[in-house]
Amino acid sequence: MTTFQARTHTVTLTERLKDATNVALIAILLGIPMIGLHTVDAGGKLMVATRWPWLLAFVATMFFGRLALQFAIDQFKLKRLTRQRTRTLEVATPRPWLKWLGYGLLGFSLVLPIAFSDNRYVVDTATTVLIYVMLGWGLNVVVGLAGLLDLGYVAFYAVGAYSYALLSTQFGWNFWETLPVAGALAALFGILLGWPTLRLRGDYLAIVTLGFGEIIRVILINWTEFSGGPNGIGSIERPSFFGLPFKPDSDDGATFASFFGLEYASEHRVIFLYYLILVLALLTNLFIARLRKLPVGLAWEAVREDEVACKALGMNVTNVKLSAFAIGAMLGGFAGVFFAARQGFISPESFVFSESATILAIVVLGGMGSQFGVVIAASLLVILPELGRDFSEYRMLLFGAAMILIMVWKPGGLISRREPSKVLAGVEK
Amino acid sequence: MLQYTDVHAHYGAIHALRGVTLDVQEGEIVTLIGANGAGKSTLMNTLFGKPRASAGSISFLGQDISRHHTHDIARSGLALVPEGRHIFARMSVLENLQMGSIFSDPAHFDADLQRIYGMFPILQQRLEQRAGTLSGGEQQMLAIGRALMSRPKVLLLDEPSLGLAPLYIKQVFNIIRELNERDGMTIMLVEQNAHHALRIAHRGYVLQHGEIVLSGTGKELLASPEVRAAYLESSAHA
Ligand SMILES: Nc1ncnc2c1ncn2[C@@H]1O[C@H](COP(=O)(O)OP(=O)(O)OP(=O)(O)O)[C@@H](O)[C@H]1O
Ligand SMILES: [Mg+2]
């Protein structure tokens, strides 16, 4: 009733006062037993005493607080209304500052391990950020571009990781040999899952993918002969620098350190891994940016926007979705290979639902479909909990509060405006 | 060019089309009028196999297409502007037009685009605007423009005047007529707005409860007392 009024005419002062009075009345009712009366210990006996000034202060606070709150809400609504009005005029022009910020970030990420070469923790954390950036970009193809809600993305990450773990420990394959195979395998899983399920709409697809993610994890836990069960797979071969391993000097063959005449240091590998994931992530970014300009990339977004129209235009909607699913899965698989290579040990515990949820949060928080938003969101989601370590058990609480604040402040995600995929050159202007 | 022969269609137990026979010849504007729920949209959608015709046949250019895949039909030269526009709201105007040409030869993309600009100058001014922020009339033009980008042989329009102000309605019908007269486009038009539709149509059909109850030239139908009574009285102001 009141909300209806608030929308049809501007709220008068009397109405606001009345509203605040109501709140004050409730405050009195609640306040009498809670604040107005209290018990005092009078020589072993409990006595009831009164605190009327306190009650008065409480009620007054409620009264004026309510007025202030309502005023703030009014202002907020007004602002939102004007923002909505301006939004209709919005033109999707590319923003040059975003591009420069992107280059700046790229430069920063290139020099980061050099600047922090004595701080292993920073480089390690940055590597984790980049893994999530890559996963975010992969899932972004599925969720952000094609609009398919996938709650089991971690399954493809697991496929990639276990592919490398098994192929390297059982058959002695190296990182670069496994990478394409694991990617193809993850894509195949994507297609196998997608083929029967992509006809499902929104919520159903989400449930099926959620189930798929769990199935993969449960299989990994229980099929001990294959995956090592809950114990996982250890001593996975670490990636080498073009055949030069990162090991202390020994007699059997050259190592990275001996080849370059350096003193062996464990940081070498950390920094190498950082650059490796940086290269993988950048390739992913280029790949997606390229796809977005091709018809298939446009088709993903079109399917997200309106399936009826896509069918009327002659698109095979299922195939378009399947391609998004497969490519997203493949990128997840790549990230998985890197993860296994970096850790040297994997177990089903790394592939639980909360991982899927984190990756999804990165995509949503970043602003569905925005490549740059994913970078910011991944950084936030990895670094915030790290910073919060001092708060120990309150860490997740703070993290949740931060997420809620961001969603209130930017309901469409951090970068909610999408860049047009193509600006015609030469035809207009 | 387009021929429906005794076409039936069902939605579960609902018998939405009960033996429809009609044809559209090259270069014609054929309009289909009828009350809400008469089955007009169903008639157009069965052409694309959504829903499939449960009996009868639909042929296009002499070939029975009633068993073909939806996407194959849509790529064979039939372009549907579905009821309610269905533009890609969060994509730019230009991207919407690009989607229309996704299966046609990129070589004539630029020329086609120029043609659309000529027809709808407003779209050229709004190329980079998000399509969802266009006005209703502009969105309708975009939907038509997008369909034309696929270089169809037959353009199918399902209630293009839906929800438009009288001025826009006039504009949309003018465009349809122009398309037909200048470019020789064959058009099948479903309309509630019987008066306007019949005025520009060469021929028309009246659909009632899934059956064709009346057919004739646009002029004949406009003059027919049944049509006047059922479909024209309320829109007499136009
Ligand atoms: N997807 C569907 N599932 C079940 N019934 C449907 C479906 N689509 C249409 N119908 C039914 O089929 C009948 C014909 O519908 P249709 O949409 O073809 O009517 P229409 O002539 O286009 O009406 P309008 O002028 O309101 O658009 C209606 O009774 C409708 O309820
Ligand atoms: Mg209809």
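**Reading the labels in a predicted model**

Buried residues make up 43% of the 429 residues in chain A. The model is predicted.

Me: What makes Glu83(B) partly exposed, rather than buried or exposed?
Reply: Its relative accessible area is 33%. Buried means under 20% and exposed means over 50%. The value for Glu83(B) falls in between, so the label is partly exposed.

Me: What does Glu83(B) coordinate, and with which partner?
Reply: Glu83(B) (OE) and Ser41(B) (OG) coordinate the magnesium ion (ligand 2), at 1.9 to 2.3 Å. The cut-off for a donor to this metal is 2.8 Å, so both atoms count.

Me: Why say that this pair links distant parts of the chain?
Reply: Ser41(B) and Glu83(B) are 42 residues apart. Ser41(B) sits in helix 1 (residues 40-47) of chain B. Glu83(B) sits in the loop between strand 6 (78-81) and helix 3 (93-100) of chain B.

Me: Why is helix 12 (residues 295-305) of chain A called largely enclosed?
Reply: Nine of its eleven residues are buried, so the rest of the structure largely encloses this helix. Among the buried ones are Gly297(A), Leu298(A), Trp300(A) and Arg304(A).

Me: What do the buried residues of helix 12 of chain A pack against?
Reply: In chain A, they pack against helix 5 (120-145), helix 11 (267-293), helix 13 (307-312) and helix 14 (317-343). Helix 3 of chain B joins them.

Me: Which residues have the most contacts inside the largest nonpolar core?
Reply: They are Phe175(A), Trp300(A), Ile346(A), Phe351(A) and Met99(B), in a core of 105 residues. Met99(B) touches Leu298(A), Ala299(A) and Ala302(A), among others. Another core, of 39 residues, lies apart from the largest one and includes Ile29(B) and Phe120(B).

Me: What makes strand 2 (residues 45-50) of chain A hardly covered?
Reply: The count of buried residues among its six residues is zero. Buried means under 20%, so none of the six falls below that cut-off.

Me: How do you know that strand 1 (residues 37-42) and strand 2 of chain A pair?
Reply: Six bridges join them, and the strands run antiparallel. Pairing needs at least two bridges, so the test is met. Ala42(A) has Lys45(A) as its bridge partner in strand 2 of chain A. The hairpin has two residues between the strands, and Gly43(A) takes a positive phi near 55° there.

Me: How do you know that strand 4 (residues 53-60) and strand 5 of chain B pair?
Reply: They share two bridges, in the antiparallel sense. The requirement is at least two, so two bridges suffice. Phe60(B) stands opposite Gln63(B) in strand 5 of chain B.

Me: Why are strand 2 (14-24) and strand 5 (63-64) of chain B called edge strands?
Reply: Each pairs on one side only. The open sheet has four strands in the order 2-1-4-5 (chain B), with antiparallel pairing.

Me: What makes Ala265(A) partly exposed?
Reply: Its relative accessible area is 24%. Buried stops under 20% and exposed starts over 50%, so Ala265(A) is partly exposed. Ala265(A) lies in the loop between helix 10 (256-259) and helix 11 of chain A. From its C-alpha atom to that of Leu200(A), the separation is 53 Å.

Me: What separation do the domain centres of chain A show?
Reply: The centres of domain 1 and domain 2 of chain A lie 48 Å apart, taken over C-alpha atoms. Domain 1 covers 3-89 and domain 2 covers 101-424.

Definitions and conventions. Residues are numbered from 1 along each chain as its sequence is written. Chains are lettered from A and ligands numbered from 1 in the order in which they are written. This is a predicted model: local features need pLDDT of at least 70, side-chain atom pairs count only at pLDDT 80 or more; totals for chains, interfaces and linings use all residues. Side-chain values use heavy atoms; hydrogens and water are left out. Domain bounds come from an automatic or database domain assignment. Donors are N, O and S atoms within 2.8 Å of the metal (3.2 Å for Na, K and Ca); water is not among the atoms, so sites may look incomplete. Buried means under 20% relative accessible area, exposed over 50%, partly exposed in between (1.4 Å probe, protein chains only). Contact means heavy atoms within 4.5 Å. A nonpolar core is a set of buried Ala, Val, Leu, Ile, Met, Phe, Trp, Tyr and Cys residues joined through side-chain atoms within 4.5 Å. Lists of a residue's contacts leave out its neighbours within four places in sequence.
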